[in-house]
Amino acid sequence: MADPEQPRSVPLPARYSAVRLNSPEWFARVGEVARVIGSDRFHRELVELAGAAINHDACWIIRYSRVAPPDVLYTKDVASDVVAYYANLYSSVDPFFEYWRNNGSPGVVMLNDVRSPGQSWDLYHKVFQTLASISDELGMFFSTVGHCCFGLFLERERGRFSASDIERARLIFPMLEGFHRSHLGALFNDLRNPRGPQVEGFITRPTLIEDRFGVDVFANDAWREAARRAPALADAVAALRVAEAGQTRAAGALTVKVEVFDRDFPLAPGGRMYVLDAPEREEEGDPDQLLEEALSIFTPREKEILLLLMNGQTTGEIAQKLSLSKGTIKNCRLRMYRKAGVGSERALVKHVMQSIGAR
């Protein structure tokens with residue numbers, strides 16, 4: 001269940017145990033990541049390397065975009081229905097997604113770092129994490145190019161990541177970040193080759209890359225088509241050549257955003273990348289309202305007990321917290337099962353999630 005309190009002195013076992021950072025296995029994994037730089041296996045090997053250093057039970061790779069919903073690229077030891085629930089229902093209330101959109105900086109981020117009060121947090125933490133059997137998450141955000149970012153996530157099913165786990169994550173992060181930047185550089189450098197990769201995960205929208213002198217280095221077909229249809233695009237680019245990274249300019253009905261490359265970036269050292277933002281998406285359902293509607297069949301007391309159950313509280317803990325008897329809590333649970341037409345706590349949680357998704 002979600003978020004149990006465990007003493008740090010007695011860490012619970014995880015499915016995958018960390019290896020010594022000076023062991024032959026560790027160096028073999030480091031070498032494998034270096035070997036696949038520039039290939040489509042890179043980020044999968046990167047998360048495997050991170051997982052080799054930290055006790056965990058499962059992992060995810062999620063691509064976050066400022067102009068599209070989160071996209072799950074890879075999981076290990078995560079049930080397919082859990083991935084589907086995340087993609088279809090709960091990605092919009094992913095607190096790591098909101099953290100990245102607001103901060104946008106690389107580094108190690110823990111679940112407690114993104115905790116925020118409100119129903120969005122309840123939907124993710126008490127509902128989604130309960131069904132997914134996630135008790136703690138450790139995220140690593142890597143340097144962005146354009147509007148996209150890769151987030152690697154390790155999960156614990158029981159207990160929390162220990163202080164030593166977090167220390168290890170921060171210790172190895174500069175190496176992982178260096179590998180990631182080398183991978184991006186290799187991909188962008190291959191854009192010189194017309195048969196090379198299209199930097200999957202980053203060049204997903206109309207994009208123009210110029211060197212530091214304002215000379216075109218790369219433009220994909222979508223950018224060329226947009227430029228043909230919107231002559232104002234050239235004026236927007238000219239204005240952004242002297243703008244700070246992250247600035248935007250309107251080009252008719254379109255919006256252009258600029259990113260600035262470092263001086264050591266292979267394809268265009270000190271150059272700039274211009275990306276067309278997607279049209280505004282339709283407003284998604286309000287998480288507060290969705291949760292309230294999904295729980296509408298229950299009484300206020302039943303809702304209170306249900307949310308405590310979703311947060312990993314036992315019958316005894318709930319009884320103590322609400323100053324009720326265990327028998328009262330058990331009877332309330334049975335009434336909720338009958339109302340939802342289910343026979344177990346897990347089925348009750350799943351019923352709530354399906355109800356939210358149907359609204």
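The secondary structure of the protein chain, taken from a predicted model, comprises 13 helices and ten strands. The chain has 359 residues, of which 49% count as buried. Among contacts in the chain with a separation of 6 or more, 63% are accounted for by residues 24 or more positions apart.

Nonpolar side chains form separate clusters in the interior. The largest nonpolar core has 48 residues, and those with the most contacts inside it are Trp60, Tyr64, Phe96 and Phe128. A second core, separate from the largest, has 31 residues, including Trp26, Val30, Val33 and Tyr74. In soluble globular proteins, nonpolar side chains tend to be buried together.

Helix 1, spanning residues 24–35, packs with helix 6, spanning residues 163–189, at an angle of about 25°. The axes of helix 1 and helix 6 lie 10 Å apart, and the two helices are therefore roughly parallel to each other. Their crossing is right-handed. On the side of helix 1 the contact is made by Trp26, Val30, Val33 and Ala34, and on the side of helix 6 by Ile172, Met175 and Phe179. By class, the residues of this contact divide into seven nonpolar, no polar and no charged. Trp26, Val30 and Val33 of helix 1 thus appear in the contact with helix 6 and are also included in the second core.

A further helix pair is found at residues 300–310 (helix 10) and residues 315–322 (helix 11). The axes of helix 10 and helix 11 come within 10 Å and cross at roughly 130°, which makes helix 10 oblique to helix 11. The crossing of helix 10 past helix 11 is right-handed. Helix 10 contributes Arg301, Glu304, Ile305, Leu308 and Leu309 to the contact, and these meet Ile318, Lys321 and Leu322 in helix 11. The contact of helix 10 with helix 11 comprises five nonpolar, no polar and three charged residues. An α-helix has 3.6 residues a turn, so residues three or four places apart point the same way. In helix 10, Arg301, Ile305 and Leu308 are among the residues that meet helix 11.

Helix 10 is largely enclosed by the rest of the structure, because eight of its eleven residues are buried. The buried residues of helix 10 are Glu302, Lys303, Ile305, Leu306, Leu307, Leu308, Leu309 and Met310. Of these, Ile305, Leu308 and Leu309 are also listed in the contact with helix 11. The buried residues of helix 10 include Glu302 and Lys303 alongside Leu306, Leu307 and Met310.

Threonine 315 is located in helix 11. With a relative accessible area of 14%, threonine 315 falls under the 20% limit and is therefore buried. When neighbours within four places in sequence are left aside, threonine 315 is in contact with Lys326, Ile329, Lys330 and Arg333. Helix 12 covers residues 326–340. In the loop between helix 11 and helix 12 lies serine 323, which is exposed, with a relative accessible area of 65%. Serine 323 has a positive phi of about 60° although it is not a glycine.

A positive phi of about 60° is also found at aspartate 77, which is not a glycine. Aspartate 77 is placed in the loop between strand 2 (71–76) and helix 3 (80–90). The relative accessibility of aspartate 77 is 41%, so this residue counts as partly exposed. Most residues other than glycine have a negative phi.

Two arginine residues were examined for their positions relative to residues distant in sequence. Arginine 156 is found in strand 5, which covers residues 148–156, and counts as buried at 3% relative accessibility. Arginine 156 and aspartate 136 are 20 residues apart in sequence, with a C-alpha to C-alpha distance of 5.2 Å. Arginine 205 is in the loop between helix 6 and strand 6 (207–210). The relative accessibility of arginine 205 is 22%, which is not under the 20% limit for burial, so arginine 205 counts as partly exposed. Arginine 205 and leucine 276 are 71 residues apart along the chain, and their C-alpha atoms are separated by 6.6 Å.

Note on methods
Residues are numbered from 1 along each chain as its sequence is written. This is a predicted model: local features need pLDDT of at least 70, side-chain atom pairs count only at pLDDT 80 or more; totals for chains, interfaces and linings use all residues. Side-chain values use heavy atoms; hydrogens and water are left out. A nonpolar core is a set of buried Ala, Val, Leu, Ile, Met, Phe, Trp, Tyr and Cys residues joined through side-chain atoms within 4.5 Å. Buried means under 20% relative accessible area, exposed over 50%, partly exposed in between (1.4 Å probe, protein chains only). Axes are lines fitted to C-alpha atoms, for helices over the stretch in contact, and angles run from 0 to 180 degrees between N-to-C directions. Helices (H or I, at least four residues) and strands (E, at least two) are DSSP runs, numbered from the N terminus. Angles under 35 degrees count as roughly parallel, over 145 as roughly antiparallel, 65 to 115 as roughly perpendicular and the rest as oblique. A crossing is left-handed if the near helix is turned anticlockwise from the far one by less than a right angle, and right-handed if clockwise. Contact means heavy atoms within 4.5 Å. Ala, Val, Leu, Ile, Met, Phe, Trp, Tyr, Cys and Pro count as nonpolar, Asp, Glu, Lys and Arg as charged, and the others, Gly among them, as polar.
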